[in-house]
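The following note concerns the interface between two protein chains and is set out as numbered points for the file.

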There are 2 protein chains.
Amino acid sequence: MSAQILDGKAFAATIRAKVADHVSRLMADHDIQPGLAVVLVGEDPASEVYVRNKGIATRECGMKSVEHKLPAETSAEDLYALIDSLNADPSIHGILVQFPVPDHLSERDIVARIDPAKDVDGLSVVNAGLLASGQQAMASCTPLGCLMLLRDTLGDLSGKDAVIIGRSNLVGKPMAQLLLRDSCTVTIAHSRTKDLAETVRRADIVVAAVGRPQMVPGDWIKPGATVIDVGINRIPAPEKGEGKTRLVGDVDFDSAKEVAGHITPVPGGVGPLTIACLLANTVTAACRINGLDEPEGLTA
Amino acid sequence: MSAQILDGKAFAATIRAKVADHVSRLMADHDIQPGLAVVLVGEDPASEVYVRNKGIATRECGMKSVEHKLPAETSAEDLYALIDSLNADPSIHGILVQFPVPDHLSERDIVARIDPAKDVDGLSVVNAGLLASGQQAMASCTPLGCLMLLRDTLGDLSGKDAVIIGRSNLVGKPMAQLLLRDSCTVTIAHSRTKDLAETVRRADIVVAAVGRPQMVPGDWIKPGATVIDVGINRIPAPEKGEGKTRLVGDVDFDSAKEVAGHITPVPGGVGPLTIACLLANTVTAACRINGLDEPEGLTA
């Protein structure tokens, strides 16, 4: 039996529709337009595309979008002064500094400078600590998107055996906290795990977030399990022509989809959820900063 | 075959000896005497005993011990003023407010007021976040003690299957972070876990921290596993006479010790490690605040 393929693009569209709906209610009922500021330092072409796409998505949901483009040689002091002014700006509810930044700047210090309440990327130590202690936090976007997709697919996650492969600060560790909060039994596996195949075979939910192309074969998957593939890896695709490449996940999709109950493809699975959750976090931040109820269905 | 009983009191004594050794070196080489301030609000008799014992243990290691006893009706503002002055006091490296505090005070707000660098109980959101993101943190004392005991017993923990029963902010969750940092494959189980017996049976290391007397029977333990029992529960002991009680852990010691390779008793196992690790954290804080190397063998 073949797995149901989870359509991340379609699910991201439902998140964005919810965001747009909340935004219009915030504007109608409270005269609040959530605002997202994105800061780009330097001229990395890929970053410029990301920033532009975030701006478009933000405006499409009816939110205010502000872009600050700073020259590559911007000093830490000047960048911090901008962050401070955004922290203090009541029309801005989310602040995101596009990474990577030039080498003379510290990503850790930049994140620490952002007001945790406006840290819509959920990258700060304070938000990691709030998440780790079960308090109201900004959860980082990719794991938040995976959580929403899992809830949408499976309903109540309580008691399910979740195995997360990878212990990064960006995905693996916050994913563990989010699934624990939803009362999964959570196992964090990684490169030092003795018998990864056997560990993964126990899982009702597998989240693969290691960045190694197709490392999880189908015969590691328990029949009927839900497989969330966070990996995005580019590999050679000689079948498409000389020098051509294609994107694959951390899971071997072709074999895994024969066993799993549900599986995300790469591309088109988890990828589209990240920007959608950035927008969701911005609405959440706007509600919290203004003392309003949490936007239903958009938070952990 | 019967398990080796891990003597927490003896191991705590080795930690204290290391602390005393570091303290005398800090004083001789750098003229720094680590200082621990303990604040007690109100007159809870049990808390008074704890505070007194901490003071004695602190002085026995050659550190400076300061006790502040405030009346039960102390306002939050007055307590914060004291914490602020201790934060600013260069002779104080660790600050601990003894809990519980009277109802008009917020434990969460009190912990947040303490400089994270002096939060030797490791209770603050910032320290939880630093721990969760793999940075230099103050780890809370009980899980830190369990980690030290596990390292002492097993050596390198890398690749071991660790199952933690309980997901409290005080023990379960920081324990998971510490064991993950030491490259265990970490599973966090709890009341919603589907098959707790089967989950525990996989573990090379079991940490029980739920607060339910003798809930883990011996037949849940994998032969040879290391069992760390954090629970301290008082149960009726009619065999000792009418109305008498005794202390037991979360593990059924008599049956588990027949299967385990190593096991901590209750009392006399994990209990004595907590104050020892409070002292260790105070030395660590003194080193970090003064820009000196981490004290070897006393940190996560």
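1. In this predicted model, β6(A) pairs with strand β6 of chain B, residues 185–189, in the antiparallel sense, and the pairing runs over three bridges. Within this arrangement, A:Thr187 lies opposite B:Thr187 of β6(B).

2. The extent of the interface should be stated next. Chain A contributes 31 residues to the contact, and chain B likewise contributes 31 residues. The size of an interface is often expressed as the accessible area lost when the parts come together. Here the area buried between chain A and chain B is about 2700 Å², with carbon and sulfur atoms giving 49% of that figure.

3. Charged pairs also cross the interface: the rule finds four salt bridges between chain A and chain B. One of the four is between A:Lys194 and B:Asp204, for which the closest N and O atoms are 2.7 Å apart.

4. As to polar contacts, 21 residue pairs across the interface of chain A and chain B are found by the rule, with both residues of each pair at pLDDT 80 or more.

5. Three elements of chain A, namely α5 (125–132), α7 (172–181) and β6 (185–189), each supply at least two residues of the side that touches chain B. The largest share of that side comes from α5(A), with six residues. By class, the side of chain A that touches chain B comprises ten nonpolar, 13 polar and eight charged residues.

Methods: Residues are numbered from 1 along each chain as its sequence is written. Chains are lettered from A and ligands numbered from 1 in the order in which they are written. This is a predicted model: local features need pLDDT of at least 70, side-chain atom pairs count only at pLDDT 80 or more; totals for chains, interfaces and linings use all residues. Side-chain values use heavy atoms; hydrogens and water are left out. Contact means heavy atoms within 4.5 Å. Buried area is the accessible area (1.4 Å probe) that two parts lose on being put together, summed over both. A salt bridge is a side-chain nitrogen of Lys or Arg within 4 Å of a carboxyl oxygen of Asp or Glu. A polar contact is a pair of N or O atoms within 3.5 Å; within protein, one must be able to donate a hydrogen and the other to accept it, and residues adjacent in sequence count only if both atoms are side-chain atoms. Helices (H or I, at least four residues) and strands (E, at least two) are DSSP runs, numbered from the N terminus. Ala, Val, Leu, Ile, Met, Phe, Trp, Tyr, Cys and Pro count as nonpolar, Asp, Glu, Lys and Arg as charged, and the others, Gly among them, as polar. Two strands pair if DSSP finds at least two bridges between them.
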